[in-house]
Amino acid sequence: MAAPLIRMHGIHKAFGPVQVLEGVDFELRAGEVHALMGENGAGKSTLMKILTGIYAPDSGSIEVDGQAVSITSPADAEKHGIAIIHQELNLIPALSIADNLFLGRELHHFGLLDRKAMATRAKEWLDRVGMSRLDPSTRIERLSVGQQQMVEIARALGQKARVLIMDEPTAALTESETTTLFKLIRELREQGTGIVYVSHRMEEIFALCDRISILRDGKFVGTRDVPGLAFDEVVKMMVGRTLDARYPTRTPNIREVRLKVEHISGGMVKDISFELHAGEVLGVAGLLGAGRTEMARLLFGLDKLESGKVTLDGTAVTPKTPTEAIHAGFGFVTEDRKAQGLVLDLSLRENVSLPRVPAHAGLVDRGGEKKQTAGLIDALKIRTRDMELDVRALSGGNQQKVVLAKWLALKPRVLILDEPTRGVDVGGKAEIYHIINQLAEQGVAILMISSELPEVLAMSDRILVMHEGHATALLDAHGATQEAVMTAATGGK
Amino acid sequence: MTLQMNWSRAGTLLQRLGSVIGLLLLFIVLSVMSPDFLTTGNLLTVLRQVSINALIAFGMTFVILAGGIDLSVGAILAFTGAITAGLMASGHGIVLAMGAGLGLGLVLGMVNGVLVSWGKVAPFIATLGTMTLLRGLTLSYTQGSPIPVTDQGFALMGGGYVAHLIPLPVIWMFIAFAVCGFLLRGTVFGRHVVAIGGNEEAARLSGVRVSPMKVAIYGLSGLLSAFAGIVLTSRLYSAQATAGAGYELDAIAAVVLGGTSLAGGRGWLFGTLIGALLIGFLNNGLNLLGVSSFYQQVVKGIVILIAVLLDRRQ
């Protein structure tokens, strides 16, 4: 059998005293889709950063096509045909699709840009990723997150990547974009590309991948062939224990109407009405661009409410700023925790108390702040050695818990969650579901926007489905099916 | 700081200590090279010279930490100094004159803040505009000639001594340092300054009133500039239209030498004090060593570049 495309052996990496990888092996064959799994903080990202030349390993070897290589910079990785599609997209918003595709390798005649050739080539690349309806001259900032991701993939393909690393590629994609992506991945596999698929979504991995490698706490647990592999076994390998249940159950405690939304419109949101009860989880489903986040922004005072009425516990509220919304009793866990949820260079403690710093007459109460943070670290099981650690250093799941902690400190009456488990591993997800359940049981009214249908169905009491800014259905979650939600989400009857 | 420091914080600390180490090295070198350097008289003179820049740089630290920049500080210093001197020259009392000067500095700074927050003008451009405007206003107010100050009480602000030894401006500098340091580390205001510089969107979504905060931050910078203007006017016994020219750059240099990131969100006030001292002792040392003023600027420029390059390496 031919040498594998990539072979990493005995990789060690430490950051200061923290050992992140301890003797990890990883092998990728040509023409396979290989899932890399593990809880947040298991070392997946570090391993991939080593493969792409962002970090240098402390020890261990890397072979490409059976030849030992040294990859010390992203340029080296590119030379060996290794490309990565990051979870945080690396595109320049103000430049066009074509400009981004050719960034750093522009086509030119004696220094003059050959825009025509680039536009033509860009069109071909976009066709390959099923985005032929996009105009290459469109600026990146006008694209949805999903479309931006397809542009990134197109760029990697254009660079003739033989190894494609995808980090949570479907996190922001709509169903149809996901289908397109999977079709594309299968095509690439046929052509002999090796694909590393980093994801937490089990269903996808079982549908798509040939083999799974699992890391736990920086150690290599094993590689398994997917055919014949049981779901539970993977979970067990990842967490070192069996999880009780993917979606924990909640004791229903639905009480009076807390939030009454009547015919609100603004921006792309058109005439939405619903009631949200104390102790209820109202799921909001819909495709990307259906206006779910926009609706949340209206309620939170981020965008202008053009018409309609919002009543909270019997009092009309029309917050014009987040500050007013917070005072009224809203909390908002945003979709993009790094851009909108956290100040990465501040400590966990400082982030948690950002909405309201424990203080007397403007003077920070350090003791009270530490006590509050310690309590929330306990309650949310945030894994960190020290509350003074910059949140930048935490794993995705723990960062998400910090964002939750930030709002829980305020004891909100209505908590809006926008994709609360995006980029969070199986164990972390279960913990976040558990937190959501506890909050609901305590009587918090929860509006949960999510693109993961199983999550919406399992966690919600009722489901509001949106399509192109309108509410197309309000379903009872018990008895609702994925098909029913999707039908409403696509505007079907 | 506790002993159980994590590695990223330790790295930051090392980075931060860079400026302190630089200052110590400079101290040692100058002590060896010039016998006049390590004398109480010389050291206190340098501290007095540094105080004006330090006062401005403290305000600048808040602005830069919040992700902004304030080019108008030197112009505010000149304008408020002239108004204060003018009021006294026309027979008003020292308290009213100084109050008016400080109040004016605060308001002018707040105007910068309004332009930057509600006006959505880039801080560099907004404060470049107010700087130019205020320079012009100062020239027309003074008609280009100095406004002399005769009030002996006022002259103490910049020229007085405590215990016949420590110049009053040095005292002002340390009081301002203590107050600003507390403001930055001990208050909700300070916390929000750093949060805005670190991630303005996250701060806004967390309910931080970003626009009023910016008005207050630039207001603070204006207030400290006006205070520096009063001290300078007092020390020189007159207000000059061209006073404070280039001070904005010295203040920015002090902040950056101190290890505060120009991108905002990371920095400390102690570093700014060290940065201001570095610049002051460097000037002093070069004078003592008889280096021509032309080359002094060259050396200063090189020091700033090296400091920033070292900062980037870490």
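**Exercise 1. How far can we trust each chain?**

Task: Find the mean pLDDT of chain A and the share of its residues that reach 70 or more.

Solution. Chain A has a mean pLDDT of 88, and 97% of its residues reach 70 or more; pLDDT is the predictor's confidence in each residue, from 0 to 100. This is a predicted model, where local features need pLDDT of at least 70 and side-chain atom pairs count only at pLDDT 80 or more, while totals for chains, interfaces and linings use all residues. Residues are numbered from 1 along each chain as its sequence is written, and chains are lettered from A and ligands numbered from 1 in the order in which they are written.

Next, look inside chain A. Confidence is lowest in helix α8 (residues 231-239) of chain A, with a mean of 79, and highest in strand β22 (residues 445-449) of chain A, at 97. Helices (H or I, at least four residues) and strands (E, at least two) are DSSP runs, numbered from the N terminus.

Now turn to chain B. Its average pLDDT is 91, with 94% of the residues scoring at least 70. Over residues 1-10 of chain B, however, pLDDT stays under 50, and the model has 12 contacts beyond four places in sequence for them. Two residues are in contact if their C-beta atoms, placed from the backbone, lie within 7 Å. Finally, the model scores ipTM 0.82 and pTM 0.77.

**Exercise 2. Read a mixed sheet**

Task: Work out the order of the 6 strands in the open sheet of chain A whose pairing is mixed.

Solution. Start with the order, which is β6-β9-β10-β3-β11-β12 (chain A). Two strands pair if DSSP finds at least two bridges between them. The edges are β6 (82-85) and β12 (219-225) of chain A, each of which pairs on one side only. On average, neighbouring strands of this sheet are turned by 20° against each other, direction ignored. For such angles, axes are lines fitted to C-alpha atoms, for helices over the stretch in contact, and angles run from 0 to 180 degrees between N-to-C directions.

Then go to the pairs. Strand β3 (residues 33-37) and strand β11 (residues 211-216) of chain A run parallel and are joined by 4 bridges. A:Met37 has A:Ile214 in β11(A) as its bridge partner, and A:Leu36 stands opposite A:Ser213 in β11(A). By contrast, β11(A) and β12(A) run antiparallel, with 6 bridges. Here A:Ile214 has the bridge partner A:Gly222 in β12(A). These two strands, β11(A) and β12(A), form a hairpin with 2 residues between them, and A:Asp217 in the turn has a positive phi of about 50°.

**Exercise 3. Read an antiparallel sheet**

Task: Which are the edge strands of the open sheet β2-β1-β4-β5 (chain A)?

Solution. This sheet has 4 strands with antiparallel pairing. Its edge strands are β2 (18-28) and β5 (67-69) of chain A. The twist averages 30° from one strand to the next. Inside the sheet, 5 bridges join strand β1 (residues 6-15) to strand β4 (residues 59-64) of chain A, and the bridge partner of A:His12 in β4(A) is A:Ser59.

**Exercise 4. Where the chains touch**

Task: How many residues does the contact take from chain A and from chain B?

Solution. Chain A gives 32 residues and chain B gives 24. On the side of chain A that touches chain B, the elements giving two or more residues are α10 (322-328), α11 (337-341) and β20 (363-364) of chain A. The residues of this side divide into 19 nonpolar, 6 polar and 7 charged. Ala, Val, Leu, Ile, Met, Phe, Trp, Tyr, Cys and Pro count as nonpolar, Asp, Glu, Lys and Arg as charged, and the others, Gly among them, as polar.

**Exercise 5. Two helices and one alanine in chain B**

Task: Why are α2(B) and α10(B) described as roughly antiparallel?

Solution. The axes of helix α2 (residues 40-65) and helix α10 (residues 210-236) of chain B come within 8 Å and cross at roughly 175°. Angles over 145 degrees count as roughly antiparallel, under 35 as roughly parallel, 65 to 115 as roughly perpendicular and the rest as oblique; therefore α2(B) and α10(B) are roughly antiparallel to each other. Their contact has 15 nonpolar, 4 polar and no charged residues.

Task: Is B:Ala239 buried or exposed?

Solution. B:Ala239 lies in strand β4 (residues 238-239) of chain B. B:Ala239 has 31 other C-beta atoms within 10 Å, so B:Ala239 is buried. A residue is buried if 20 or more other C-beta atoms lie within 10 Å of its own, exposed if 12 or fewer, and partly exposed in between, with C-beta atoms placed from the backbone. Its contacts beyond four places in sequence include B:Gly81, B:Thr142 and B:Thr233.
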